[in-house]
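Student: I have a model open and want to test the labels people put on it. Can we go through them one at a time?

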Amino acid sequence: NTINVHVYGGSITWGGGVEPKTRYTMLLQSMLQHYDDNVDVVVSNFAIPASGPEHLSLCGIGVADIIISEYRINEGNTTILRKWYELAISH
C-alpha cells in the first residue's frame, strides 16, 4: 500500500530559508511513515516560491490520495482560490 500526498504552496511550503530535511513536507513524510510500517507514504512537494494558486490552476495538478494546500495564506483573490480548490477537489 502506498499513500501519495501532494503538497502545493509558495515559499513556506517550499521551505525557504530552512534546510531541506527540516521542511514541513519532509517532517510530515517522516511522521506519517512511522505511523504504520505496512504503508509507504510518499510526500511530494510541488511548491513554487512567490507563487499563488493561479499558476497551478492553469497548469493542472497530479492525482494524489491527499492534497495539502498552503495558498490561502497569501492569496486574497477568492475567485482564484475557488478555482484552485475546485481543481484540487476534482482530483
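Student: Why is Phe46 called partly exposed?

Tutor: First, a caution: this is a predicted model. Now the label. Phe46 has a relative accessible area of 36%. Buried means under 20% and exposed means over 50%. The value for Phe46 is 36%, so Phe46 is partly exposed.

Student: What makes Tyr8 buried?

Tutor: The relative accessibility of Tyr8 is 2%. The cut-off for buried is under 20%, so Tyr8 counts as buried.

Student: What makes Tyr8 and Phe46 a stacked pair?

Tutor: Two numbers decide. A pair of aromatic rings is described by the distance of the centres and the angle of the planes. For Tyr8 and Phe46 these are 5.4 Å and 15 degrees. Centres within 6.5 Å make a pair, and planes under 30 degrees apart make it stacked. Both conditions hold, so Tyr8 and Phe46 are a stacked pair.

Student: Which parts of the chain does that pair link?

Tutor: Tyr8 is in strand 1, and Phe46 is in the loop between strand 2 and helix 3. They are 38 residues apart.

Student: Why is the pair of Tyr8 and Trp84 called edge-to-face?

Tutor: Their ring centres are 5.3 Å apart and their planes stand at 70 degrees. Edge-to-face needs over 60 degrees, so the label fits. Tyr8 belongs to strand 1 and Trp84 to helix 4, so this pair ties together parts 76 residues apart in sequence. Both residues are buried.

Student: How many aromatic pairs does the structure hold, and which residues do ring pairs link into a cluster?

Tutor: The structure holds two aromatic pairs. Ring pairs link Tyr8, Phe46 and Trp84 into a cluster.

Student: How do you know that the buried residues of helix 4 line one face?

Tutor: Start with the list. Ile80, Leu81, Trp84, Leu87 and Ala88 are buried in helix 4. Viewed down the helix axis, the buried residues fall within an arc of 125 degrees, so they line one face. The general rule helps here. An α-helix has 3.6 residues a turn, so residues three or four places apart point the same way.

Student: Which residues are exposed on the other side of helix 4, and what covers its buried residues?

Tutor: Glu86, Ile89 and Ser90 are exposed on the other side. The cover over the buried residues includes strand 1, helix 3 and strand 3.

Student: How do you know that the span of helix 4 is close to what is expected?

Tutor: Helix 4 covers residues 78-90, with 13 residues. From first C-alpha to last, helix 4 reaches 18 Å. The expected span is 18 Å at 1.5 Å a residue, so the two agree closely.

Student: Which residues make up the largest nonpolar core?

Tutor: Eight residues make up that core: Tyr8, Leu56, Ile61, Tyr71, Leu81, Trp84, Leu87 and Ala88. Helix 4 gives the largest share, four residues. A second, separate core has six residues, including Val5, Val7, Val39 and Val41.

Student: What does Tyr71 touch, beyond residues up to four places away in sequence?

Tutor: Among its contacts are Tyr8, Leu56, Leu81 and Trp84. Tyr71 also touches Gly9, Gly10, Ser51, Gly52 and Pro53.

Student: What makes the charged end of Arg23 sit over the ring of Trp14?

Tutor: The charged end of Arg23 is 5.1 Å from the ring centre of Trp14. The distance limit is within 6 Å, so that part of the test is met. The test also asks for a position within 35 degrees of the ring normal. The pair is listed as a charge over a ring.

Student: Why is Ala50 called exposed, but Ile48 partly exposed?

Tutor: Ala50 has a relative accessible area of 82%, and exposed means over 50%, so Ala50 is exposed. Ile48 has 30% relative accessibility, so Ile48 falls between the two cut-offs and is partly exposed. Ala50 is in the loop between strand 2 and helix 3. Ile48 lies in that loop too.

Student: What is notable about phi of Ala50?

Tutor: Phi of Ala50 is near 60 degrees. That is a positive value in a residue other than glycine.

Key: Residues are numbered from 1 along each chain as its sequence is written. This is a predicted model: local features need pLDDT of at least 70, side-chain atom pairs count only at pLDDT 80 or more; totals for chains, interfaces and linings use all residues. Side-chain values use heavy atoms; hydrogens and water are left out. Helices (H or I, at least four residues) and strands (E, at least two) are DSSP runs, numbered from the N terminus. Buried means under 20% relative accessible area, exposed over 50%, partly exposed in between (1.4 Å probe, protein chains only). The arc is that of the directions from the helix axis to the C-beta atoms. Contact means heavy atoms within 4.5 Å. Rings of Phe, Tyr and Trp (its six-membered ring) pair if their centres lie within 6.5 Å; planes under 30 degrees apart count as stacked, over 60 as edge-to-face and the rest as tilted. A nonpolar core is a set of buried Ala, Val, Leu, Ile, Met, Phe, Trp, Tyr and Cys residues joined through side-chain atoms within 4.5 Å.
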